[in-house]
Amino acid sequence: GSAAAFAPAQTGKATTALNAFADELGAQEPLGFFDPLKLLEDADQKRFDKLRFVEVKHGRIAQLAFLGQLVTRPGLHLP
């Protein structure tokens with residue numbers, strides 16, 4: 001038997017307009033830079049940075065909301 005039968009198939013890389021953001025933090029294999037809603041299709045670095053800032057801000061707000069839910073569920077309430 002040949003071990004080549006179990007090796008992953010070699011496929012070409014898909015080229016998209018998002019290659020400009022392919023080296024950003026969070027872009028990882030196998031998807032690379034993932035933008036399913038095409039929000040950054042014709043965007044520049046300034047727009048990318050703005051959307052990343054907003055995403056981090058909303059993530060922090062969601063974490064605080066979840067923490068508030070955990071704290072108030074057993075009956076603890078802030079004065």
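A nonpolar surface patch of about 610 Å² is formed by L64, F66, L67, L70, V71 and L76. Patches consist of residues with over 30% relative accessible area and no salt bridge, nonpolar side chains (Val, Leu, Ile, Met, Phe, Trp, Tyr) being joined within 5 Å and like charges within 9 Å. A salt bridge is a side-chain nitrogen of Lys or Arg within 4 Å of a carboxyl oxygen of Asp or Glu. Areas were computed by the Shrake-Rupley method with a 1.4 Å probe, and for residues only the protein chains shown count as cover. The model is predicted: local features need pLDDT of at least 70 and side-chain atom pairs pLDDT 80 or more, while totals for chains, interfaces and linings use all residues. Residues are numbered from 1 along each chain as its sequence is written, and side-chain values use heavy atoms, without hydrogens and water.

The protein has one helix and zero strands. Helices (H or I, at least four residues) and strands (E, at least two) are DSSP runs, numbered from the N terminus. Helix 1 covers residues 45-72 and includes L70 of the patch. L70 counts as partly exposed because its relative accessibility is 48%; buried means under 20%, exposed over 50%, and partly exposed in between (1.4 Å probe, protein chains only). Q45 also belongs to helix 1 and is partly exposed, at 36%. Between Q45 and A20, which are 25 residues apart in sequence, the C-alpha to C-alpha distance is 8.6 Å.

Over the whole protein of 79 residues, 8% are buried. The exposed area is about 7,300 Å², of which carbon and sulfur atoms supply 62%.

The second largest pocket holds about 450 Å³ of space. Its lining has 19 residues, and F33, F34, D35, L40 and E55 are the closest to the pocket centre. A pocket is an open set of points on a 1 Å grid over the protein atoms alone, where a 1.4 Å probe fits, with protein on both sides within 12 Å along at least five of seven lines; lining residues have an atom within 4 Å of a point. Points are joined across faces, edges and corners, and the volume is the space filled by probe spheres set on them. The lining comprises 12 nonpolar, three polar and four charged residues. Ala, Val, Leu, Ile, Met, Phe, Trp, Tyr, Cys and Pro count as nonpolar, Asp, Glu, Lys and Arg as charged, and the others, Gly among them, as polar.

Most residues other than glycine have a negative phi, and most peptide bonds are trans. The peptide bond from E29 to P30 is cis, with omega near 5°, and K38 has a positive phi, near 60°. P30 lies in the segment before helix 1, as does K38.
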